[in-house]
Amino acid sequence: MGETRTWPAVAVASAITLVCAIVGGIAASAAVAELTRGPSAAELREAQAAETALRWERWPTGRIFPATLVYTSEQGGRELARRVGISSRTDCRGAVDTAIAGQMTAAGCRAVLRATYLDALQGVVVTIGVAAFPDALRARSAIPIFPGGGSAAPGLRALAFPGTVTDRFTASGRQSLTLRTAGPYLVMATAGQVDGRPARALGEQRETMFSFTEDLAEEVGATLTAPASPDCTAKEWRC
């Protein structure tokens with residue numbers, strides 16, 4: 001009986017084992033590399049967007065609405081608007097007129113933060129509202145909810161503080177509304193005069209009288225969307 005040669009099978013089995021070991025080593029190396037690599041540029045952008053969208057909830061309100069905001073006066077000088085107070089309420093429906101409350105909620109409004117400021121001469125009251133949405137697209141989609149053209153109603157509700165010069169600022173005294181989107185936020189600024197005179201009782205007014213509110217809205221929006229260095233070890237970052 002002749003000898004049976006089995007070495008080819010052994011060689012094939014050894015080769016297969018070697019290939020499996022190489023593939024396994026590559027897979028293990030790839031897994032280690034995936035686990036130990038830093039976040040990619042795309043992941044950092046996503047983390048930045050997620051962190052920005054939660055600032056309304058995680059930041060102190062005094063950081064969103066600082067004690068003073070800089071604006072350019074009608075004469076071209078730099079002035080300071082001073083904060084009178086910040087609302088403790090954040091519900092969307094309570095911050096805007098009833099006529100548009102349902103539309104704001106349907107658009108994805110998560111919350112509205114409000115604060116009231118006085119201009120440098122203490123003649124104009126400005127309530128600034130920050131409406132938080134899940135993303136920038138939702139924030140932009142909310143703009144058509146408002147009448148446009150600077151019309152104040154229906155819009156952001158006036159926020160007055162009893163015992164201050166703002167206590168006469170009511171719904172009827174609102175004379176302008178500014179809207180600005182900033183990432184996932186819609187920043188609104190409605191203004192009127194401290195004596196509370198109704199807008200309908202006014203004659204022709206200066207077109208630039210309330211234009212400085214645009215500066216206030218832009219500054220608040222810029223603060224809320226300012227780039228921050230990602231810290232993937234901090235709880236507010238998800239890298």
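Mentor: Two strands pair if DSSP finds at least two bridges between them. Helices (H or I, at least four residues) and strands (E, at least two) are DSSP runs, numbered from the N terminus. This is a predicted model, in which local features need pLDDT of at least 70, side-chain atom pairs count only at pLDDT 80 or more, and totals for chains, interfaces and linings use all residues. Residues are numbered from 1 along each chain as its sequence is written, and side-chain values use heavy atoms, with hydrogens and water left out.

Trainee: What makes E3 and strand E4 (residues 124-132) a pair?

Mentor: DSSP must find at least two bridges, and E3 and E4 have eight, in the antiparallel sense. One of the residues involved is tyrosine 117, whose bridge partner in E4 is valine 126. In the hairpin of E3 and E4, five residues lie between the strands, and glutamine 122 takes a positive phi near 55 degrees.

Trainee: How do you know that strand E2 (residues 78-86) and E3 pair?

Mentor: Four antiparallel bridges join E2 and E3, and the definition asks for at least two. Alanine 115 in E3 is the bridge partner of isoleucine 86.

Trainee: Why is strand E3 (residues 111-118) called mostly covered?

Mentor: Eight of its eight residues are buried, meaning under 20% relative accessible area (exposed is over 50%, partly exposed in between; 1.4 Å probe, protein chains only). Ala111, Leu113, Ala115 and Tyr117 point one way, and Val112, Arg114, Thr116 and Leu118 the other way.

Trainee: Why does aspartate 215 count as partly exposed?

Mentor: Its relative accessibility is 25%, so aspartate 215 falls between the cut-offs for buried and exposed. Aspartate 215 is in helix H8 (residues 213-225).
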